[in-house]
Amino acid sequence: MALALRSMRRGVGVVVLLALVGGSVSAAGATPVRSAPVGARAAVAGPSPSASSAPVSVRDLFEVELAKQATAITTGDVRAYLRPADPALHDRMLRIYGSLRAMKAVAVTMTVSGSPQRVTEGQGAPIAGGQPFGGRRGGDNGPPDGRWRATVELSFCAAADGCVRAPTKVQSEWTVTGTVAKLVAYPDSTDRGPRPWEASDLRAAVGERVVVAGTSHTSARLPAVLETAEKAAKIADRYARWRPAPTRYMVYLADPEDWAKWYGGKQAAWVAGFAMPLAPDYTEIVLNATRVDAAESLDTLTHEFAHVTTLAGVSRNYSDTWVLVEGVAEFAAHAGEDPRKYRWLDGTRTYVRSGQWPGTAALSAPAESASVGDATGRYGVAYLAVRRIADRFGEDRMWSFFEAVVRSAESPERAAPRVLGAEWSDVAADCDASIRSLVN
């Protein structure tokens, strides 16, 4: 979910927009909109051989080494972690190891997804490597020796076990000699990658409900951001109406270099932060350290965390319900406040008076080319519309309407009469009148 810079004069604030936590983004279609997890145990999913058992296939051979690496991360044994890796990979592997250790990674799993494939040079299709070989050479499947490609799936929890898993998948390459496997290539993940802990050397501050991580350029701010994030988490937890609140909210604080590469970069110019959905029940949040100041961080983090709790379990794309998605997040961030004192009311007033506002029912997410003022104004309108629905029909019915339209994909035209007892055209027109009255 993208965060809009909220003020041209007062530093830069942000609002989040979720395409899970992009406009709107579904976990299945990773576009940013809407956040990692002390113990010492590792597990490998599925039936894998123990480190002491004799491997019976190329896949088993790799999983023995991966299981050792997973254990090494949680126990802090860097030598064991590096042992299967070619020395040329050590710097890269140390970055991952150090970042996961900083975030207090627990319940680490590293396993092979699918069947390893023999890398052949000009010999047609690769050979599958899941078949048993027991040390033999030759046979219908060819010798096990040589170079192999395997998809490595890594997942972990930051600072607390019991999290929702959001694994990375990496197309690794290995050389096999007899029963000895050496990891020779381990690139960045490409599915919503690279993840911050893959691409950067991270430090972290770990709290009761939140983990905040960043590089050496942002590390001095981590304690303050964590303190604010803990307050935001307590507020957002109240809105975990459909799924339990996460064991930890995960926040990354990006410097300009990180901002341009984490999760593939490519954010619109008005974006100051975003929430990246990695699974229907798991979202990570990234803040642009040069855009989000201390004064606005509580509003921004509460907004983002509210996306995490209100959209948990939703895997559909809900960009067509942007007003409710963003309005609800702002509603959570400003609960109990007088809307006449809304921080971004001036920007909303400018937008409404600009002639660009199409009305509540037709309002959509800011375009990538949108100005800061346009983006800020749209977020303000979304908030005031949701606020008006809650004031007119009661907060419980507002949440039921949100559930029907955003979470259950019911059209507002159908849901409004059933849930609110009024036609959607009437509800939207009333929101428009209320917003105009407030900003005029």
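Is Cys163 buried or exposed? Cys163 is buried, with a relative accessible area of 14%. I begin with that residue, and I will return to its partner shortly. Please keep in mind throughout that this is a predicted model.

Let me first describe the chain as a whole. The chain contains 13 helices and 10 strands. It has 440 residues, of which 56% count as buried. The area that the chain exposes is about 17300 Å², and carbon and sulfur atoms supply 49% of that area.

I turn now to the cysteines. A disulfide is a covalent bond between the sulfur atoms of two cysteines. The structure holds 1 disulfide, and the residues joined are Cys157 and Cys163, with an S to S distance of 2.0 Å. The torsion about the S-S bond is -85°, and the link of Cys157 and Cys163 is left-handed. Cys157 is buried, with a relative accessible area of 0%. For Cys163 the value is 14%, which falls under the 20% limit, so Cys163 counts as buried too. A further cysteine, Cys431, has a relative accessibility of 1% and is therefore also classed as buried.

Next, the packing of two helices. Two packed helices are described by the angle between their axes and the distance between the axes. Helix H9 covers residues 345-353 and helix H10 covers residues 372-393; they pack at an angle of about 100°, and their axes are 8 Å apart. H9 is therefore roughly perpendicular to H10, because angles of 65 to 115 degrees are placed in that class.

Which residues of H9 meet H10? They are Leu345, Gly347, Thr348, Tyr351 and Val352. On the side of H10, the residues met are Asp374, Thr376, Gly377, Arg378, Gly380, Val381 and Leu384. Sorted by class, this contact of H9 with H10 has 5 nonpolar, 5 polar and 2 charged residues.

One residue of that contact, Val352, leads us to another helix. Val352 is in contact with Arg436, as is Trp357, when neighbours of Arg436 within four places in sequence are left aside. Arg436 belongs to helix H13, residues 424-439. At 40% relative accessibility, Arg436 counts as partly exposed. The C-alpha atoms of Arg436 and Arg353 are separated by 8.8 Å, although these residues are 83 residues apart along the chain.

I come now to the backbone. Most residues other than glycine have a negative phi, and most peptide bonds are trans. Where in the chain does Pro194 lie? Pro194 is placed in the loop between strand S5, 180-185, and helix H4, 196-199. The peptide bond from Gly193 to Pro194 is cis, with omega near 5°. The loop between S5 and H4 also holds Arg192. Arg192 is not a glycine, yet its phi is positive, at about 55°. The relative accessibility of Arg192 is 15%, so Arg192 is classed as buried.

Ala107 is another non-glycine residue with a positive phi, in this case of about 50°. Ala107 is part of strand S2, which runs over residues 105-118. Its relative accessibility is 1%, and Ala107 counts as buried.

Strand S2 also contains Ser115. Ser115 is partly exposed, with a relative accessible area of 33%. Between the C-alpha atoms of Ser115 and Val58 the separation is 8.8 Å, with their positions 57 residues apart along the chain.

Gly193 brings us to one more loop. The C-alpha atoms of Gly193 and Gly265 are separated by 9.2 Å, and the two glycines are 72 residues apart along the chain. Gly265 is found in the loop between helix H6, 256-259, and strand S9. At 8% relative accessibility, Gly265 counts as buried. Apart from its neighbours within four places in sequence, Gly265 is in contact with Trp259 and Ala260.

Strand S9 itself spans residues 271-279 and includes Met276. Met276 is buried, with a relative accessible area of 2%. The C-alpha atoms of Met276 and Tyr263 lie 8.2 Å from each other, and these residues are 13 residues apart along the chain.

To close, I recall two points. The disulfide joins Cys157 to Cys163, and both ends are buried. Helices H9 and H10 pack at an angle of about 100°. Thank you for your attention.

Key: Residues numbered from 1 in each chain as written. Predicted model: local features only at pLDDT ≥ 70, side-chain atom pairs only at ≥ 80, totals over all residues. Heavy atoms only, no water. Axes fitted to C-alpha atoms, helices over the stretch in contact; angles between N-to-C directions. Helix = DSSP H or I, 4+ residues; strand = E, 2+ residues; numbered from the N terminus. Parallel < 35°, antiparallel > 145°, perpendicular 65-115°, else oblique. Contact = heavy atoms within 4.5 Å. Nonpolar A, V, L, I, M, F, W, Y, C, P; charged D, E, K, R; others polar. Disulfide = S-S within 2.5 Å. Buried < 20%, exposed > 50% of the residue type's maximum accessible area, 1.4 Å probe, protein only. Areas by Shrake-Rupley, 256 points an atom, 1.4 Å probe, with all protein chains shown as cover.
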